[in-house]
Structures are given as C-alpha cells and as structure tokens.
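Q: Could you take a close look at one part of this model for me? A single connected walk-through, with the numbers I would want to check for myself, would be perfect.

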Amino acid sequence: LSNSVRDWVADKLTTDQALEVVSRTPEDFLVVKQPSGYSFMVAVLGIKNVVEHAHVAPLFTGSNQPELVINVPSKALWSGPAIDHIHAASAAFGTLGDVSRAARTGDAGSYRNKNMSFFINAIRQHSNVTGVSYIYERVLGVQRRSGPSLNVVVVDAYNMSAEDVRNAKDRYGHFDIVLKGSSYGAITYHAEQAAALVGAEALTFKDLIRRLGK
Amino acid sequence: MRCAEVVTQLRGLASSLGANAEGSEWYLFGSILRDDAYAADIDLMVLCGSDEQADSLRRAIDPDCLGLPIHLAFLTYREAAEVSAVQLQNARPIFPMLFSETQVFRARTTIVADRSR
C-alpha cells in the first residue's frame, strides 16, 4: 500500500472529521486522537475489490495491533473470513466514515455496525435457525433446521428502491432475500419486482422473521 | 464537513456529469443537513427519470470523492412519489439549481428596498 492512501486518510480525518492523527507506528498504523483525549490505532488498507483474510491477518502479528481496520475505496467488499479474523482479534472494520463513529464509542475495537449486530442477534435467536455467519459485510448466511440455508443481503436504505436491489445483485451476486435495513420507510413496488426478477424476495425485518420459519 | 461546503461540492459533481445527470434531482438529508460535527457520511438521494439513468449514475458517482463517504439512494420519480421519499426524509433539494443563491439574495434585497420606498 502506498503512503498516499494513508496520507489521504490522515488528511481527511483531520480536516473533515475533527480528529487528530498524532503519530504513526512502525507498522504504519495511524494513531488517531479524539478531542476528548481517547486515542486508538487505525490500519489503512487500499484493496480495490474484496478485502480477504490474507489482507487482514498480517495486521495482527506484530507488537502493535490496530483497534480499527479501514479500507479505501469504501465500495470494496469485506469477505466473511476477513471480518471473522478482525472480530476475533477484538478489533473493528469499516470505511473512512466509521473512524469517527468508532472514536465516539471510547473503545474502537468494540465498534460494530448497529444494524448488522441487531439483525445477527435477532436471526440467531429464531427457533428454526442453527447458525448465522458473514459472507460479506452486508450479506449473512443463515443456516436453518428445516429448509435450505438462505443468503440475506441487508440494504442500508430508508426506502428500498429497484436500484438498491439491482446494485445488491451487482455487488454480491446470488442472494435469496434482500432485507430493508431501516425500520422506517418502505419497499417500493418496483423493488419487489426487481427482487422477483433475480429469484429473490424483498422483505422487511418483520417479514424476514416469518420467512425464516418457512 | 459543513453543509454549505458539501452542497457546493455536490453541485459541482452533478454539473460535471453532464448528460448523465440531466433530468435528475439531487437531495441531501440526514445528519449532514444539521451541520452535525460528527456526521459520518453524506446522505444523498437522487431521483431519476428511468432505471437506466439510476444505474448509470450509480456507476458514475465515486462515493469517496468528498471528505466523507457518500451514502447514495437512487429512486425513480415514480418510486419516490409512491413512498413520499422527499417529504418523509425532510430532504433538501440541491440540484438542479433553478436560481443561484446570489440571484435569490439579490431578488430579496431588491424587494425589501422597493417596499421601504
């Protein structure tokens, strides 16, 4: 990774997110400080397509270990094994925008996307579910006692549109269910049609819970 | 990032897309509108004339081109009307600009001056 990506991130954190980059570790992690005084280490990756386990594992082998791993560009995917490795190391992952969110927790390593944590916990508690795992950062694999496993894409949208569904298909490939991530708003008629066109269902959380039992 | 700065940059982006953005309407909503110092992204809703335009704009807009990631929502006008997207999200129109803010200021100043005569 060239220093230019780290420099770009350091510049954006300082000028746009009211954070301070106080130093860099020998591993080239950024030491980020909040105005409150809390500081933590951020590893910056520059993976264009999919962040894999092989990209993140070396970050956790040295004496300094990052609390947060971010990737630029933000539209790159994070594979399930990469996410699992980061979480197992008590660290968090995300994009540039997640640095200030993680800073506000006062314990950046424990930062998790609230929506995804909510859905994982809720799905895991369903009586017909035996396991939930990350396939990508927004895609969950749901194993069930009765019925085939389901791939669920969570779309972070207030109103889910047909374009959200087509974009999910372009980004993640096959899925069975496209779930509206917000409890507010609606799914448009064309979004339901777009989902049906790719052999999937567009559902709200309430619909999903019913669907897991079928 | 300040809201005014984001609006200026997004208008520049929309203009730079030329024919791709013609006929679309861009709206800001969420924390950036409130000048929240801790805004983590920029919520941008783009209303499009067709599915093709929505797909084309998704490809054309780099979500990392500003200081914070842009969180994009594309709806056709029909979909936006169906779910009252603009109203329910208290979204503020930023593009196209029917009048520049300078023109609006000048017009208001003129009206106030005329009334005071």
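**From one threonine to the interface**

A: Leaving aside residues up to four places away in sequence, B:Thr76 touches B:Cys48, B:Ser50 and B:Asp51. Please keep in mind that this is a predicted model. B:Thr76 sits in strand S3 of chain B, which covers residues 70-76. Is B:Thr76 buried or exposed? With a relative accessible area of 11%, B:Thr76 is buried, because buried means under 20%.

Let's step back to the chain that holds this strand. Chain B contains 5 helices and 4 strands, and along the sequence they come in the pattern α-β-β-α-β-α-α-β-α. Of the 117 residues in chain B, 46% are buried. Taking the contacts in chain B between residues at least 6 apart in sequence, 68% join residues at least 24 apart. On confidence, chain B has an average pLDDT of 87, and 82% of its residues score at least 70. For the model, the scores are ipTM 0.91 and pTM 0.90.

Now to the interface itself. Chain B brings 25 residues to the contact and chain A brings 28. Together the two chains bury about 2,300 Å², and carbon and sulfur atoms give 48% of that area. On the side of chain B, the residues that lose the most area to chain A are B:Tyr38, B:Asp64 and B:Glu79, which together make up 23% of what that side buries.

There is plenty of polar detail to look at here. The rule finds 11 residue pairs in polar contact across the interface of chain B and chain A, both residues of each pair being at pLDDT 80 or more. Which elements give two or more residues to the side of chain B that touches chain A? They are helix H2 (51-60), S3, helix H3 (77-83) and helix H4 (85-88) of chain B, and S3 is the strand that holds B:Thr76. Sorted by class, that side of chain B has 14 nonpolar, 3 polar and 8 charged residues.

The charged residues bring us to the salt bridges. Side chains of opposite charge can pair when their charged atoms come close. Over all chains the structure holds 11 salt bridges, and 4 are found across the interface of chain B and chain A. One of them pairs B:Arg58 with A:Glu163, with the closest N and O atoms 2.8 Å apart. This pair crosses between the chains, running from helix H2 of chain B to helix H6 of chain A. B:Arg58 and A:Glu163 are both buried.

Another pair uses these two helices too: B:Asp55 and A:Arg166 meet in a salt bridge at 2.9 Å, N to O. B:Asp55 lies in helix H2 of chain B and A:Arg166 in helix H6 of chain A, so this pair also joins two chains. Here the partners count as partly exposed, B:Asp55 at 22% relative accessibility and A:Arg166 at 21%.

It is worth following helix H6 of chain A a little further. H6 spans residues 162-172, and its buried residues include A:Ala162, A:Glu163, A:Asp164, A:Val165, A:Asn167, A:Ala168 and A:Tyr172. Just after H6(A) comes A:Gly173, with a positive phi near 75 degrees.

For a contrast, here is a salt bridge within chain A: A:Arg211 and A:Glu201 meet at 2.7 Å, N to O. A:Arg211 belongs to helix H8 (residues 205-212) and A:Glu201 to strand S12 (residues 201-203), 10 residues apart in chain A. A:Glu201 is partly exposed, at 30% relative accessible area.

What joins A:Asp98, A:Arg101 and B:Asp41 into one network? Salt bridges that share partners do. In the one between B:Asp41 and A:Arg101, the closest N and O atoms are 3.4 Å apart.

The network leads to helix H4 of chain A, residues 96-105, which is mostly covered, with 7 of its 10 residues buried. These are A:Leu96, A:Gly97, A:Asp98, A:Val99, A:Ser100, A:Ala102 and A:Ala103. Their cover includes helix H1 (3-16) and strands S2 (30-33), S3 (39-45), S5 (68-71) and S7 (92-94), all of chain A. H4(A) is followed by A:Gly106, whose phi is positive, near 75 degrees.

Methods:
Residues numbered from 1 in each chain as written. Chains lettered and ligands numbered in written order. Heavy atoms only, no water. Buried < 20%, exposed > 50% of the residue type's maximum accessible area, 1.4 Å probe, protein only. Contact = heavy atoms within 4.5 Å. Buried area = accessible area lost by both parts, 1.4 Å probe. Salt bridge = Lys/Arg side-chain N within 4 Å of Asp/Glu carboxyl O. Polar contact = N/O pair within 3.5 Å; in protein donor to acceptor, adjacent residues only side chain to side chain. Nonpolar A, V, L, I, M, F, W, Y, C, P; charged D, E, K, R; others polar. pLDDT = per-residue confidence, 0-100.
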